[in-house]
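Thanks for making time this morning. I would like to walk through one model with you, beginning with its sheet and then turning to its charged side chains.

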Amino acid sequence: MMRKIFTVLAMLALFVVATPAAAQDVKVIVNSANSTADLSGDVVTKLFLKQTTKFPNGTAAQPVDQAKGSSVRAAFSKSVLGRGVAAVESYWQQQIFSGKDVPPPTKASDDEVVAYVKANAGAIGYVSAGASTAGVKVVDVK
């Protein structure tokens, strides 16, 4: 009996460890004038790491991040970018040091990200799942 309980608990622990923060915990948003309806996770990653500067529809991209210590940034970094916040920060330090690029601007809250995205035609950002997205468009990340 103890062996079965241990096995079930071990499997549950593996499931929890192997399951990153779900993308459903975060909504990716763009300006309402942007014709983009969905994006692959790879495209979103390239936009936020500035490895590409345009949406697939040709619109110039302006990514915006949340503050380093925010839980929504941790969830986005892990579930969409596929790396932790510290790894993303390390990436940007390398980019800055080599003179290639600077990281996206950061905003302190979901409301500030929504306001930035609403005000900038090429903006792309992310907010927590429960945030109001009035005035912007939520895109499906596949």
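In this predicted model, strand β1, residues 26-31, pairs with strand β6, residues 123-128, in the antiparallel sense, and five bridges connect the two. If you want to find the register on your screen, take isoleucine 29, whose bridge partner in β6 is glycine 125, and then valine 30, which stands opposite isoleucine 124 in that strand. Strand β1 also has a partner in strand β7, residues 136-141, where the two run antiparallel and are joined by four bridges; here valine 28 is the residue to look for, since valine 139 of β7 stands opposite it.

Stepping back to the sheet, we have an open arrangement of five strands in the order β2-β7-β1-β6-β3, with mixed pairing. The edges are formed by β2, residues 38-39, and β3, each of which pairs on one side only. As a general reminder for anyone tracing side chains, those of a regular strand alternate between the two faces of the sheet.

How many of the six residues of strand β1 are buried? Six of the six are, so the strand is largely enclosed by the rest of the structure. One helix to note in this region is α3, which lies across β1 and β6 and runs at about 115° to β6.

That helix brings me to the charged side chains, and the structure holds six salt bridges. I will begin with arginine 73, which meets the side chain of glutamate 89 in a salt bridge with an N to O distance of 2.7 Å. Arginine 73 sits in helix α3, residues 71-81, while glutamate 89 belongs to helix α4, residues 85-97, so the pair ties together parts that are 16 residues apart in sequence. Is arginine 73 buried or exposed? With a relative accessible area of 2%, arginine 73 is buried. Salt bridges with shared partners join Asp65, Lys68, Arg73 and Glu89 into one network. Within that network, aspartate 65 and arginine 73 form a salt bridge whose closest N and O atoms are 3.6 Å apart, and both of these residues are buried.

Another of the salt bridges links lysine 46 to aspartate 42, with the closest N and O atoms 3.4 Å apart. Where do these two residues sit relative to each other in helix α2? They are four residues apart in that helix, which spans residues 41-48, and are therefore separated by about one helical turn. As for their surroundings, lysine 46 is partly exposed, at a relative accessible area of 33%, and aspartate 42 likewise counts as partly exposed, at 45% relative accessibility.

Before I stop, there is one backbone detail that I would ask you to look at, namely lysine 50, which has a positive phi of about 55° although it is not a glycine. Lysine 50 is placed in the loop between α2 and β3, the latter being residues 62-63, and with a relative accessible area of 26% this lysine is partly exposed.

Key: Residues are numbered from 1 along each chain as its sequence is written. This is a predicted model: local features need pLDDT of at least 70, side-chain atom pairs count only at pLDDT 80 or more; totals for chains, interfaces and linings use all residues. Side-chain values use heavy atoms; hydrogens and water are left out. A salt bridge is a side-chain nitrogen of Lys or Arg within 4 Å of a carboxyl oxygen of Asp or Glu. Buried means under 20% relative accessible area, exposed over 50%, partly exposed in between (1.4 Å probe, protein chains only). Two strands pair if DSSP finds at least two bridges between them. Contact means heavy atoms within 4.5 Å. Axes are lines fitted to C-alpha atoms, for helices over the stretch in contact, and angles run from 0 to 180 degrees between N-to-C directions.
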